[in-house]
Amino acid sequence: MADLQALEGYRECHTCAVGKKLEASRCRFCTGRLDLKDRLLLEGEKGRREKGSIYLSALLPGAGHLYSGRPFVGTLFLPLAPLTLGLVWKGQGSWNWGMTVLLLALLLSWVLVVLDCRRGSGPFRPPCQAACPAGIPCSQYVHLLDKGKDRESLELIEAFCPFPGTIGRVCHHPCEEECNRGKDGEPVAICSLKRFASDQGAGLESIFPREMAKTSGSPERKVAVVGAGPSGLSAGLYLLLCGFDVSIFEARDFAGGTPLVYAPPYRLPLEFYQREVDRVLDLGMDLRPGKKLGADFSLLDLQNEGFLGVYLAMGAGVSVRLPHTGSESEGFLDGRDFLEQVKKDPGTKMGGDVLVIGGGNVALDVARSALRCGADKVRVICLEKLPQKREKQFFHHKGEWREIRPRDMRQFMPAHPWGIADAAAEGVEIMDGSAAVEFFIEGGRVKGAKCLRVERIDQDSKGKLVPVYREGTEFNLKADTVLTAVGSFPDFSFLGGVPVSRPVSRKAPILRYGGIEGVSIPVVAGGDMALGPASVIEGIAAGKEAALYFYRELGGAAPVSVRYRSRRIPEPWSNYRDDPQARRRRPERTLGPEDRTRSFSEVSAGLSEGSAREEAARCMRCDWPRMRASKVKKFFRDGE
Ligand code: SF4
Ligand code: SF4
């Protein structure tokens, strides 16, 4: 990669989309020259400014907009305060109804201005980027892949997500659901392209050591992170970049968290994730393994040790156990315990008929792992129905096409549709809309289950799901082993119960805990602890948001001075090409269904080089500026 420091202005930034030097006037609007640390601090600074702008706007409408970087709008609103005060002054002694209506209208505008100033001056984000929990600029890294700039593409991904290879394999890719290309064809394979970029860059040094060289932590400014999973490690990395010293406490003897313990190797081979975990830890975090919060130390101990804040990212470690499923000696097993066992020993054997209870992604992982362990027949039984096959429907709202989604989501399996399709292709029988209500035990072992069809799923006043059974639909299933995977929740025993909490960010679900006896430092929780079982990318996003929260609350490295602001005007579909090839998504190379169940080998080998380039070229660059549309076409035609 070109030495970024040696370049000046035009194309200095590896995300630069300006095709020709003559078009470099666009550099004026670009935030791309900021590196990872600068972007991070800018984000933290932006949050602080947004907060301040609300107070300023409440005192003087328009001042908040000026403060948060929207001078034109701010100037427009500045006359509002003199107008209101002038009206009150003029009306003294001769007040009438007309003046009352005018005053109410001015006050309403005042309130709206205060609400509006929170929006700040963010750059335009295409729908894929807006849908990504970590805000990864998909269109930009896909475009770099299209141009053959694999290293630059990977560095851009890494600037937003420290685990690109892992996320490229396990992300549930909400970005693809919003992709504009999916509205008249199949969405761009954004997730697979991320994996492609990571595979192409495997073995190269990541950007983090380079970024860390510019930062130095301070022993007096230290923050504790509890839990060394993706969320905790992400928080640790971004805290280091914000200038804090970080200690990570982990109950297990190793770092990595849920993906390392439970993700089946056929989806996420251990070595990929381990490599990415190690390179984050190598940046200088103080990892303290074998330390369990509540048993080996308390929050008060952390405060006494001088930590200025605590981020809790311990995951949702307690499985929900069904009361009627008996004990393990009778052929019942907890699904997560089974996954952990398989991960430790992929040679684990399991014969006979297996019944998996649950309709989520963990239940499917359990079922697919049981098949690979040699089970004769694997069935998944769940209350919910299979997601309906339906034509996508859209409506037009605020100049955009939005998809209409079913409202009553609890009636449908929470597992991802592609996971359900893969499990069914491998031979797992999915018994949706059914419930095992009683088990047959012979000689101390489970032998089968009595089941009923489910009419619908209601919810009681506490939010608990209550199935309504259909009369006369009883049927029996043979089962030599029953595996349960019906959810998990965080363990709050270290606090003696669920704490009082309040959300502290609009970007990612992180909660600040209050009312903890004797603890005055900020205690923030994120990932599974705030959301219940969350996806890996949501945990990573929460970790980054928690780091920014501490940066705002406790102060940190000096913020950057920003010369460039992005004010791109959205031009949906500026790279629009409509032909059968452009509508079709390029498939990943995968093992055939028969080969898959013979071992725990990775099912997908990702996109081939040719497919990846073709797939990247399908992206329509929805973030491209409208005024440059003609030049964009020329750029695509001429290349570079
Ligand atoms: S076409 Fe490209 S830029 Fe547009 S939403 Fe899809 S991935 Fe994003
Ligand atoms: S992390 Fe997931 S949601 Fe975000 S861009 Fe990648 S695949 Fe999409």
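## Surroundings of ligand 1

Helix H7 makes the largest contribution to the shell around ligand 1, supplying three residues, and the model in which this shell is described is a predicted one. Around ligand 1 there are 15 residues, of which Cys128, Ser139, Cys179, Cys619 and Cys622 come nearest. Two or more residues of this shell are given by each of two elements, helix H6, spanning 127–131, and helix H7, spanning 138–146. Sorted by class, the shell around ligand 1 consists of eleven nonpolar, two polar and two charged residues.

## Surroundings of ligand 2

Ligand 2 is surrounded by 14 residues, and the closest of them are Cys132, Cys171, His173, Cys175 and Cys191. Helix H10 (174–178) and helix H11 (190–200) each provide at least two residues of the shell around ligand 2, with the largest share, three residues, coming from H11. In terms of class, this shell holds twelve nonpolar residues, one polar residue and one charged residue.

## The seven-stranded sheet

Seven strands form an open sheet with mixed pairing, in the order E3-E2-E1-E4-E20-E19-E18. Strand E3 (286–289) and strand E18 (500–503) occupy the edges and have a single partner strand each, so one side of each is left without a neighbour in the sheet. From one strand to the next, the twist averages 25 degrees.

Within this sheet, strand E1 (residues 222–226) and strand E2 (residues 245–250) run parallel and are joined by five bridges, and alanine 224 stands opposite serine 247 in E2.

## Helices packed on the sheet

Helix H13, made up of residues 230–241, packs on the sheet and touches E1, E2 and strand E4 (309–312), its direction making about 165 degrees with that of E2. Helix H21 lies across E1, E4 and strand E20 (523–525), and runs at about 165 degrees to E4. Strands E1 and E4 are thus named among the contacts of H13 and also among the strands across which H21 lies.

## The largest nonpolar core

The largest nonpolar core contains 134 residues, and the members that touch the most other members are Val356, Ala367 and Ala370. To this core helix H21 (residues 536–554) gives the most, with eleven residues; H21 is also the helix that lies across E1, E4 and E20.

For alanine 370, once its neighbours within four places in sequence are left aside, the residues in contact are Met350, Val354, Val356, Ala375, Val378 and Leu483. Val356 therefore appears in both descriptions, being listed with Ala370 among the core residues that touch the most other members and as a contact of alanine 370.

Note on methods
Residues are numbered from 1 along each chain as its sequence is written. Chains are lettered from A and ligands numbered from 1 in the order in which they are written. This is a predicted model: local features need pLDDT of at least 70, side-chain atom pairs count only at pLDDT 80 or more; totals for chains, interfaces and linings use all residues. A residue is near a molecule or strand if its C-beta atom, placed from the backbone, lies within 6 Å of it. Helices (H or I, at least four residues) and strands (E, at least two) are DSSP runs, numbered from the N terminus. Ala, Val, Leu, Ile, Met, Phe, Trp, Tyr, Cys and Pro count as nonpolar, Asp, Glu, Lys and Arg as charged, and the others, Gly among them, as polar. A nonpolar core is a set of buried Ala, Val, Leu, Ile, Met, Phe, Trp, Tyr and Cys residues joined through C-beta atoms within 7 Å. A residue is buried if 20 or more other C-beta atoms lie within 10 Å of its own, exposed if 12 or fewer, and partly exposed in between; C-beta atoms are placed from the backbone. Two residues are in contact if their C-beta atoms, placed from the backbone, lie within 7 Å. Two strands pair if DSSP finds at least two bridges between them. Axes are lines fitted to C-alpha atoms, for helices over the stretch in contact, and angles run from 0 to 180 degrees between N-to-C directions.
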